[in-house]
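Thanks, everyone; I would like to take a few minutes on one model and its packing and strand pairing. Please have the viewer open.

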Amino acid sequence: MTPKKQDKLNRKKASRQSPQHKAAIAEREAKGWARPVQTPKNPKAIDRPLKLSDEEIVWVKSMLIHEDGVIMGFNKPSNLSSQGGRGNFHNLDDMLWAFARSNGNKPRLLHRLDRDTSGIILAAKTRTSAAFVGNAIAARDVHKTYVCIVANPQNLADEGVIDVPLRREEIGREAYSRVCAADHPDALTARTTYRVLSRTDTSALVQCEPFTGRMHQIRVHMAHLGCPIAGDVRYGGALSLDGLRVPRLMLHARAIEFPHPDGGRRRWEAQLSPDIQALCEGLGLAQGKRP
């Protein structure tokens, strides 16, 4: 701040302490006058309250699986966008108005999951907690664990690291991630570790932990190994395995481990969705207690 601006600010602060200013404030309060609440002319969409149906409120509250004073954890179902989305359907961020406080503030999502991916997703109750966890995500201090069902298990070692750059490609209204050379001008580093939890001759249940957070990273990395995720038609996944119907993308955010604003770290988990459990049982894949 320049000396001129600092001097102007000091004079303004001093004027508010003057007897004339205090007398004017006292007179205004005595007459019952109050300064009108300032509201933005064009609030952001995220700040505009939405009217939810009773069914929507019950639905989003049924997704809440973890909660403390500042952070909430939801088990998002498949076929629900985290934010945005198309059509006239609410996304998860919209439905967080069901938890709005009396001051009009609602929880805010801290990260996203693809529309067709189910599993754990976090929201913050306050701006301070949102900033705290958001900074941890930016610093890659938040660790996510996914599980997926894939085909062609013979292409997978028992465990491994996929360190293959990705680039974003848009075709019309659709966005894709593509494997590319490290020296490609649009290349982004992308690294995923994986471990096979269970396998048969035709399928496998795989745990994946992305170190980076590129769009569709796990999906593209699995496809790159020749093991596309079941139901992932965008990247070569089949809609049936061993004659069993695959109802959707078989990818689930199983757990998230993060530094908590109140201190320490937390690990929150989301139970596998019933459709993934059913397909595992049909394929003979052991689910285990915890990835």
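Which residue in β13 is the bridge partner of G119? That partner is A253. Before going further, I should say that this is a predicted model, in which local features need pLDDT of at least 70 and side-chain atom pairs count only at pLDDT 80 or more, while totals for chains, interfaces and linings use all residues. Residues are numbered from 1 along each chain as its sequence is written, and side-chain values use heavy atoms, with hydrogens and water left out.

Let me stay with strand β13, residues 251-259, where strands are DSSP runs of E, at least two residues, numbered from the N terminus. Of its 9 residues, 8 are buried, meaning under 20% relative accessible area with a 1.4 Å probe, protein chains only. Strand β4 (residues 118-124) runs parallel to β13 and is joined to it by 2 bridges, and two strands count as paired if DSSP finds at least two bridges between them. β5 is antiparallel to β13, with 6 bridges, and there C148 has L251 as its partner. The antiparallel pairing with β14 (residues 265-269) has 5 bridges, F258 being partnered by R266; in that hairpin, with 5 residues between the strands, G263 takes a positive phi near 110°.

Turning to packing, the largest nonpolar core, a set of buried Ala, Val, Leu, Ile, Met, Phe, Trp, Tyr and Cys residues joined through side-chain atoms within 4.5 Å, has 61 residues, and M222 is among those touching the most other members. Strand β5 (residues 143-151) gives the largest share of this core, 6 residues.

Notes:
Buried < 20%, exposed > 50% of the residue type's maximum accessible area, 1.4 Å probe, protein only. Helix = DSSP H or I, 4+ residues; strand = E, 2+ residues; numbered from the N terminus.
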